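User: I would like to understand how the terms used for a ligand site are justified. Could you take me through them carefully?

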Amino acid sequence: MIPASFDYVAPTTVEEALAALAQYGDEAKVIAGGQSLLPVMRMRLNAPEWVIDLGRIASLRGVRDEGDSILVGAMTRHCDVAADPLVAEHAALVARATATVADEQVRHRGTFGGALAHADPAGDLGAPALALDAEFVIAGPAGERVVPGAEFFQGLFETAVSEDELLTGVRLPKHTGWTAHYEKFVRVAHQWPICAVGATLRVSGGVIEGAAIGLTNMGATPLRAAGVEAALVGQQATEEVVRSAAALAADGAEPPSDLNGDADYRRHLVTVLTRRAITKALGRV
Ligand SMILES: Cc1cc2nc3c(=O)[nH]c(=O)nc-3n(C[C@H](O)[C@H](O)[C@H](O)COP(=O)(O)OP(=O)(O)OC[C@H]3O[C@@H](n4cnc5c(N)ncnc54)[C@H](O)[C@@H]3O)c2cc1C
């Protein structure tokens, strides 16, 4: 289908984009890679009168070293995140999850910030960002604010970014030397997962010294499997430790039931995927 007609503006700075948002208010929608917004507009589920394209704002693209963390610009495309050496070295879980997003075409248009701002519970990037204690940098009329991951995802397709604000970047604390794996279970290739698990671990001398586990599509927002993490840290990296920790993965989760599987199915699936994710992450040590 063809989208409803709209006017288009392509600012070259964040300030201009914020001014356009202030001017057009709830008649406007920002577009990043368009990989989620355009389908919705084509189905006429959303019909903004103004589309504000962030594609010409150079300052929103790229990955920067900030000392203890790296900053991924909101408009950095999935293909660039997946190939970035700083991301590979300091946030391996994000690199691995990003490489599983959709197919090459989508990864060449879709952006890190667009995917996180969209906040699809089945999106692959929220759980890894949460697991890495990401901080979300948001610009608005009152200036810049930084929101921790636990407060960024507020519900189904809902984030801390208000209508007059922009997500400008995501700060990822360095997890240098942490091994990582993202285990994704799909019904159809190149699509969103029924459920997925991101695991990243710091292991020394066979002992798990650090563990961060994120769950995708196990609720309205990405989740952190705190019980699994606690059961791993300080333990020898053995099959039995991994198995009993992974059994805790569904604790506290309220997964959806849909045509791909009901909640009980997902509760079981997430324990299997957690065991696989941790085992494969350990295999990379
Ligand atoms: C066929 C197909 C398969 C896909 N498979 C997967 C998959 O397997 N896993 C997965 O995770 N994703 C998948 N996606 C989604 C893909 O990752 C999109 O790139 C992503 O969801 C949206 O990113 P975008 O840059 O295209 O954002 P857009 O579509 O441009 O925007 C999405 C939403 O976020 C808002 N927005 C965008 N940027 C900002 C910003 N900086 N500040 C505030 N609001 C902003 C927009 O207004 C819009 O509401 C798939 C998409 C397609 C078309």
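Analyst: What follows goes through the ligand, its pocket and a cavity, setting values against definitions. This is a predicted model, in which local features need pLDDT of at least 70 and side-chain atom pairs count only at pLDDT 80 or more, while totals for chains, interfaces and linings use all residues. Residues are numbered from 1 along each chain as its sequence is written, and side-chain values use heavy atoms, with hydrogens and water left out.

User: What makes the contact between His78 and the ligand a polar contact?

Analyst: A polar contact is a pair of N or O atoms within 3.5 Å. A polar side-chain atom of His78 lies 3.1 Å from an oxygen atom of the ligand, so this pair meets the cut-off. Polar backbone atoms also take part: one of Gln35 is 2.7 Å from a ligand oxygen, and one of Leu37 is 2.7 Å from a ligand oxygen, so these pairs meet the cut-off as well. The protein buries 90% of the 970 Å² that the ligand exposes when taken alone, by the Shrake-Rupley method with a 1.4 Å probe.

User: Which residues surround the ligand, and what makes them count as near?

Analyst: A residue is near a molecule if one of its heavy atoms lies within 4 Å of it. The ligand is surrounded by 29 residues, the closest being Val30, Ser36, Leu37, Thr111 and Asp124. Helix H7 (112–118) is among the elements that supply at least two residues of this shell, and H7 gives the most, with 4 residues; such helices are DSSP runs of H or I with at least four residues.

User: Why is the ligand said to sit in the largest pocket?

Analyst: A molecule sits in a pocket if more than half of its atoms lie within 2 Å of the pocket's grid points, and the ligand is assigned to the largest pocket, so it meets that condition. A pocket is an open set of points on a 1 Å grid over the protein atoms alone, with protein on both sides within 12 Å along at least five of seven lines, and lining residues have an atom within 4 Å of a point. About 1500 Å³ of space lies in this pocket. Of its 50 lining residues, the closest to its centre are Ser36, Leu37, Gly114, Ala117 and His118.

User: What makes the other space a cavity?

Analyst: In a cavity a 1.4 Å probe fits but cannot get out. The search finds 1 cavity of 30 Å³ or more, and the largest cavity holds about 60 Å³ of space. Its lining includes Ala115, Leu116, Phe153 and Pro222.

Key
Polar contact = N/O pair within 3.5 Å; in protein donor to acceptor, adjacent residues only side chain to side chain. Points joined across faces, edges and corners; volume = space filled by probe spheres on them.
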